[in-house]
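Please keep the sequence and the coordinates side by side while reading. The paragraphs that follow move from individual loop residues to helices and their contacts, and then to the chain as a whole.

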Amino acid sequence: MNRLSALILGTLIGTMGFGLQAEAAQNTHAHHHVQNHGNRAQNIKSKIPPKDDALLKKLAADAGGITHEELRSAYLQAEKKQSIIDAMNRPGEAKPWYKYRQIFIVPKRINEGRKFLKDNRAIFDRAASTYQVNPEIVAAIIGVETYYGANMGNYRVLDALYTLGFHYPKRAEYFSKEFANYVKLAKQQGWKHNEIKGSYAGAMGMGQFMPWSYMRWAVDFNNDGHKDLFHNKADAIGSVANYFHEHGWIYGAPVTAKVKVERPEKIESLLAGDTKPNTTVGELRKLGVTVPAVYENKVRCRLFKFQTEKGWDYYIGFHNFYVITRYNKSPLYAMAVYDLSQEIIKKPAAENSHHKKPAHGKPVSHSHKK
Ligand SMILES: [Ca+2]
């Protein structure tokens, strides 16, 4: 399962641009590490090509708070890893929803999510009152990203951002900036450049924050003077909640609803473009889409289609669905997070009613589809 997960998330990162997440890298890591170990000495650089040096100078000036010399020092310590480039280049064959979902909506991840929520109840409650974000969404994000902190990635972040910032032209602009942000963040946090590990895209900690996000949205939620998203659950939970708060999450507002499309040709054009609400419930009704009666015509939404084994299911995403896609652009990701969040807070009594059916290997039902 983890290999599949790695493949899919690798694909997403490769095709969607960056993801904050990447449970992605960990499983392939062990073997790449062994492969690369022997090359370590020959990867060490003694000088910086003039073009890169000029870029480092500009990055230092743009980032502020770090010197050209500090970036040069970090650059010289970083190693190019082919495994990182390979991970980014995995063929962009996106998985259909029904397969993607099976990675995340499984009993183990659901049960561990319930435990994570229960064990950290006081923190989640404080985060909910401070940031007005539903605890189950924060728990589900951390569950999807890193299995509640169990898989935070094994690539040196310095190597990941150097490799993608200086040896991966199609995303170099973004990743070279994150390289500089990382060096700045490490300085702020008192980290050694080469001691921090994360995904192959350089995402860090339980919620897999990229360096800029870490600087911008991470919070010291246990008030000990450090923003530690790696070891401190309060900081990790508070930071994800703060991210959602800052991106406009509305506590308790609807996220998504299943709808029925009678005439797909009429709505095809609404499926293009970004994930922002681009229509209203009323407009969709005029186009023959059946939306549950509870949603008023004026409510803004975006229509999505998700591939099932038999065809397509249609859902509308509301504002909060869009907010989840600010964490990761993929609608599949957002739907998986939402489904997992709903499973996590489902009352155990609901499980009992499923006992008459064999539970193992069966997709669990999800509340928003009822
Ligand atoms: Ca802290």
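A residue is called exposed here if 12 or fewer other C-beta atoms lie within 10 Å of its own, buried if 20 or more do, and partly exposed in between. The model under discussion is a predicted one, and this classification can be applied to N223, which has 9 other C-beta atoms within 10 Å and is therefore exposed. N223 lies in the loop that runs between helix 13 and helix 14, and its phi is positive, about 55°, although N223 is not a glycine. Most residues other than glycine have a negative phi.

A second residue of this kind is Q132, found in the loop between helix 9 and helix 10. Q132 also takes a positive phi of about 55° without being a glycine, but its surroundings place Q132 in another class, because 14 other C-beta atoms lie within 10 Å and Q132 is therefore partly exposed.

The loop that holds Q132 leads into helix 10, which covers residues 135–146 and whose twelve residues should span 16 Å at 1.5 Å a residue; the end C-alpha atoms are 17 Å apart, which agrees with that expectation. How many of the residues of helix 10 are buried? Twelve of its twelve residues are, so that helix 10 is described as mostly covered, and the buried set includes the charged-looking positions E136 and E145 as well as P135, I137 and V144. The partners against which these buried residues pack are helix 7 (97–104), helix 8, helix 9, helix 14 and helix 18. Helix 10 is followed by Y147, whose phi is positive, near 55°.

Helix 9 and helix 14, both named among those partners, also meet each other. The axes of helix 9 (residues 121–131) and helix 14 (residues 233–246) come within 9 Å and cross at roughly 25°. Angles under 35 degrees count as roughly parallel, and helix 9 and helix 14 are therefore roughly parallel to each other. The crossing in which helix 9 passes helix 14 is right-handed. On the side of helix 9 the contact involves I123, F124, A127 and Y131, while helix 14 brings K233, A234, I237, G238, A241, N242, F244 and H245. By class, this contact of helix 9 with helix 14 is made up of eight nonpolar, three polar and one charged residues.

Helix 8 and helix 18, which are likewise partners of the buried residues of helix 10, form another contact. The axes of helix 8 (residues 107–119) and helix 18 (residues 331–345) come within 8 Å and cross at roughly 65°, and helix 8 passes helix 18 in a right-handed crossing. In this contact R109, I110, G113, R114 and L117 of helix 8 meet L340, E343 and I344 of helix 18. The residues involved divide into four nonpolar, one polar and three charged.

Helix 18 also contains Q342. Is Q342 buried or exposed? With 22 other C-beta atoms within 10 Å, Q342 is buried. The C-alpha atoms of Q342 and I137 are 8.4 Å apart in space, although the two residues are 205 residues apart in sequence, and I137 is itself one of the buried residues of helix 10.

Elsewhere in the chain, helix 12 can be followed in a similar way. At 1.5 Å a residue, the 18 residues of helix 12 should span 26 Å, and the end C-alpha atoms are 25 Å apart, which agrees. The buried residues of helix 12 are F175, S176, E178, F179, A180, N181, Y182, V183, K184, L185 and A186, and they pack against helix 4 (50–63), helix 5 (68–77), helix 11 (157–166) and helix 13 (211–217). K187, also in helix 12 (residues 172–189), counts as partly exposed because it has 15 C-beta neighbours inside 10 Å. Leaving aside residues up to four places away in sequence, K187 touches I66 and E70, and the C-alpha atom of K187 is separated by 9.0 Å from that of G65, which is 122 residues away along the chain. Just after helix 12, G190 takes a positive phi of about 75°.

For the protein chain as a whole, the secondary structure comes to 19 helices and seven strands, and 46% of the 370 residues count as buried. Among contacts between residues at least 6 apart in sequence, 70% join residues at least 24 apart.

Note on methods
Residues are numbered from 1 along each chain as its sequence is written. This is a predicted model: local features need pLDDT of at least 70, side-chain atom pairs count only at pLDDT 80 or more; totals for chains, interfaces and linings use all residues. Axes are lines fitted to C-alpha atoms, for helices over the stretch in contact, and angles run from 0 to 180 degrees between N-to-C directions. Helices (H or I, at least four residues) and strands (E, at least two) are DSSP runs, numbered from the N terminus. Angles under 35 degrees count as roughly parallel, over 145 as roughly antiparallel, 65 to 115 as roughly perpendicular and the rest as oblique. A crossing is left-handed if the near helix is turned anticlockwise from the far one by less than a right angle, and right-handed if clockwise. Two residues are in contact if their C-beta atoms, placed from the backbone, lie within 7 Å. Ala, Val, Leu, Ile, Met, Phe, Trp, Tyr, Cys and Pro count as nonpolar, Asp, Glu, Lys and Arg as charged, and the others, Gly among them, as polar. The expected span of a helix is 1.5 Å times one less than its number of residues.
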